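Here is a short report on one protein chain. Look over the sequence and the model before reading on.

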Amino acid sequence: PSVAVASVLARDAFLKEWKHMEIVFSYPIPKGASGLVDNAFGVLKNRYGEGEVSKYVKKFFSNYKKRS
């Protein structure tokens with residue numbers, strides 16, 4: 001039971017942080033590894049610069065490597 005509670009709390013924290021990130025960038029950011037994610041990264045990188053956007057991305061993922 002405690003693992004399930006921890007999982008629910010972690011998911012809640014993740015979703016709140018995701019919403020905060022969308023507010024910071026004024027842009028809806030898709031989840032996952034689709035072309036939509038690649039496009040959103042490109043838009044945000046052009047708008048805010050790679051330095052600012054890279055604070056929020058997993059740099060070892062292929063999406064980042066393709067667009068950097």
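A contact here means heavy atoms within 4.5 Å. Apply that cut-off to Tyr 48. Leaving aside neighbours within four places in sequence, Tyr 48 is in contact with Val 24, Phe 25, Ser 26 and Val 53. Bear in mind that this is a predicted model.

**Overall fold**

The protein chain has 4 helices and 0 strands. Along the sequence the pattern reads α-α-α-α. The radius of gyration is 14 Å, and the globule rule gives 11 Å for 68 residues. The first value is well over the second, so the chain is more spread out than a compact globule. The C-alpha atoms fill a box of roughly 45 × 25 × 20 Å, taken along the principal axes. Of the 68 residues, 24% are buried. Take the contacts between residues at least 6 apart in sequence: 31% of them join residues at least 24 apart.

**The aromatic pairs**

How many aromatic pairs does the count give? It comes to 3 aromatic pairs. Two of the pairs involve Phe 25, one with Tyr 48 and one with Tyr 56. A pair of aromatic rings is described by the distance of the centres and the angle of the planes. The table sets out both values.

| Pair | Centre to centre | Angle between planes | Geometry |
|---|---|---|---|
| Phe 25 and Tyr 48 | 5.0 Å | 70 degrees | edge-to-face |
| Phe 25 and Tyr 56 | 5.1 Å | 75 degrees | edge-to-face |

Why do both pairs count as edge-to-face? Planes over 60 degrees apart fall in that class. The angles are 70 degrees for Phe 25 with Tyr 48 and 75 degrees for Phe 25 with Tyr 56.

Both pairs link distant parts of the chain. Phe 25 sits in helix 1 and Tyr 48 in helix 2, 23 residues apart. The C-alpha atoms of Tyr 48 and Phe 25 are 8.2 Å apart in space. Tyr 56 lies in the loop between helix 3 (50-53) and helix 4, and it is 31 residues from Phe 25. Ring pairs join Phe 25, Tyr 48 and Tyr 56 into a cluster.

Is Phe 25 buried or exposed? Phe 25 has 2% relative accessibility, so it counts as buried. The cut-off for buried is under 20%. Tyr 48 is partly exposed, with a relative accessible area of 33%. Tyr 56 is also partly exposed, at 32%.

**Ser 26, next along the chain**

Where is Ser 26 found? Ser 26 is in the loop between helix 1 and helix 2. Its relative accessible area is 56%, so Ser 26 is exposed. Not counting residues up to four places away in sequence, Ser 26 touches Arg 47 and Tyr 48. Ala 10 makes a useful reference point. Ser 26 and Ala 10 are 16 residues apart in sequence and 24 Å apart in space, C-alpha to C-alpha.

The backbone at Ser 26 deserves a look. Most residues other than glycine have a negative phi. Ser 26 has a positive phi of about 50 degrees, although it is not a glycine.

**The largest pocket**

The largest pocket holds about 590 Å³ of space. Its lining has 21 residues, and the closest to the centre are Trp 18, Val 37, Tyr 56, Val 57 and Lys 58. Tyr 56 thus appears both here and in the ring cluster.

Which elements give two or more residues to the lining? They are helix 1 (2-25), helix 2 (35-48) and helix 4 (62-67). Helix 1 gives the largest share, 5 residues. By class, the lining has 16 nonpolar, 2 polar and 3 charged residues.

Terms used:
Residues numbered from 1 in each chain as written. Predicted model: local features only at pLDDT ≥ 70, side-chain atom pairs only at ≥ 80, totals over all residues. Heavy atoms only, no water. 1 Å grid on protein atoms, 1.4 Å probe; cavity = no way out; pocket = protein on both sides within 12 Å on 5 of 7 lines; lining within 4 Å. Points joined across faces, edges and corners; volume = space filled by probe spheres on them. Nonpolar A, V, L, I, M, F, W, Y, C, P; charged D, E, K, R; others polar. Phe/Tyr/Trp six-rings, centres within 6.5 Å; stacked < 30°, edge-to-face > 60°. Buried < 20%, exposed > 50% of the residue type's maximum accessible area, 1.4 Å probe, protein only. Rg over C-alpha atoms; globule rule 2.2 N^0.38 Å.
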